[in-house]
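Let's learn to read a protein model together, one feature at a time. Keep the picture open while we talk.

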Amino acid sequence: MIRIGHGYDAHRFASGRRLILGGAEIPHTRGLLGHSDADVLAHALADALLGAAALGDIGQHFPDSDERYKNADSLELLRHIASLLRDNGCTLGNADCTIIAQEPRLAPYITAMRENLAAALGADIDRVSVKATTEEGMGFTGRGEGVAAHAVVLIQR
Ligand SMILES: [Zn+2]
């Protein structure tokens with residue numbers, strides 16, 4: 001059985017935070033605010049995987065209120081979700097992710113993000129796509145207030 005999943009996440013920019021996207025640290029004047037490392041890309045992908053398996057969402061598995069997940073490495077959460085899916089008989093077909101950010105320029109970091117995410121999922125890199133776009137100055141990403149990410153995945157069970 002082939003199943004599809006979709007994930008969406010958004011985090012606001014804040015000063016004094018590191019900018020982590022797809023497990024890659026990206027030099028920038030601001031980072032993203034969140035209980036964990038606020039890796040919006042990893043979170044969207046995690047929700048897509050959980051959605052495809054109908055196993056809830058990331059907030060259920062890793063609640064904000066739990067001190068264990070303060071500043072958590074989101075790749076670690078992704079590894080946990082990947083093993084949960086394997087335990088449920090699911091294998092990844094492919095994942096396609098889009099980051100929406102006005103700034104900074106993300107092209108130089110795309111390969112590193114794909115490598116990190118694929119490694120966390122125990123998948124070959126050609127199964128994990130990451131793209132980046134802007135919203136041409138429109139909306140909250142366009143105003144530089146934060147970063148959003150979408151992910152879709154296909155899994156087989
Ligand atoms: Zn998030």
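Q: Which polar atom belongs with the backbone oxygen of Leu33, and how many Å lie between them?

A: Good place to begin, but a word on the ground rules. This is a predicted model, in which local features need pLDDT of at least 70, side-chain atom pairs count only at pLDDT 80 or more, and totals for chains, interfaces and linings use all residues. Residues are numbered from 1 along each chain as its sequence is written, and side-chain values use heavy atoms, with hydrogens and water left out. Now your pair: a polar atom of the side chain of His11 lies 2.8 Å from the backbone oxygen of Leu33.

Q: With what other side chain does His11 make a polar contact?

A: A polar contact is a pair of N or O atoms within 3.5 Å; within protein, one must be able to donate a hydrogen and the other to accept it, and residues adjacent in sequence count only if both atoms are side-chain atoms. Here the side chain of His11 pairs with that of His43 at 3.4 Å. His43 is also joined to Ser36, side chain to side chain, by a polar contact of 3.3 Å.

Q: Where do His11 and Ser36 sit, and are they buried or exposed?

A: Two ideas help. Helices (H or I, at least four residues) and strands (E, at least two) are DSSP runs, numbered from the N terminus. Buried means under 20% relative accessible area, exposed over 50%, and partly exposed in between (1.4 Å probe, protein chains only). His11 belongs to strand E1, residues 2-14, and is buried because its relative accessible area is 15%. Ser36 is in the loop between strand E4 (31-32) and H1, and its relative accessibility of 8% makes Ser36 buried.

Q: Which residues surround these two?

A: Contact means heavy atoms within 4.5 Å. Leaving aside neighbours within four places in sequence, His11 is in contact with residues including Leu32, Ala38, Val40 and Val147. With residues up to four places away not counted, Ser36 touches Arg17, His43, Tyr69, Asn71, Ala72 and Ser74.

Q: How do I describe the way H1 and H4 cross?

A: Start from the axes: they are lines fitted to C-alpha atoms, for helices over the stretch in contact, and angles run from 0 to 180 degrees between N-to-C directions. Angles under 35 degrees count as roughly parallel, over 145 as roughly antiparallel, 65 to 115 as roughly perpendicular and the rest as oblique. The axes of H1 (residues 40-52) and H4 (residues 110-121) come within 12 Å and cross at roughly 40°, so H1 is oblique to H4. On the H1 side, the contact is made by Leu41, Ala42, Leu45 and Leu49, and on the H4 side by Met113, Leu117 and Leu121.

Q: And what is the arrangement of H1 and H3?

A: Their axes come within 10 Å and cross at roughly 10°, and H1 and H3 are therefore roughly parallel to each other. Among the residues making this contact are His43, Ala46 and Leu50 of H1 and Ser74, Ile81 and Leu85 of H3.

Q: How many residues of each kind make up these two contacts?

A: Ala, Val, Leu, Ile, Met, Phe, Trp, Tyr, Cys and Pro count as nonpolar, Asp, Glu, Lys and Arg as charged, and the others, Gly among them, as polar. The contact of H1 with H4 has seven nonpolar, no polar and no charged residues. For H1 with H3 the split is nine nonpolar, two polar and no charged.

Q: Leu117 was named in the H4 contact; is Leu117 buried or exposed?

A: Leu117, which lies in helix H4, is buried, because its relative accessible area is 0%. The C-alpha atoms of Leu117 and Leu75 are separated by 7.0 Å, and the two residues are 42 residues apart along the chain.

Q: Which backbone features should I look up in the loops?

A: Try the peptide bond joining Glu103 and Pro104: this bond is cis, with omega about -10°. Pro104 is in the loop between strand E5 (91-100) and H4. Then look at phi, which is near 55° in Ala54, a positive value in a residue other than glycine. Ala54 is in the loop between H1 and helix H2 (58-61), and is exposed, with a relative accessible area of 58%. Asn71 also has phi near 55°, in the loop between H2 and helix H3 (74-87).
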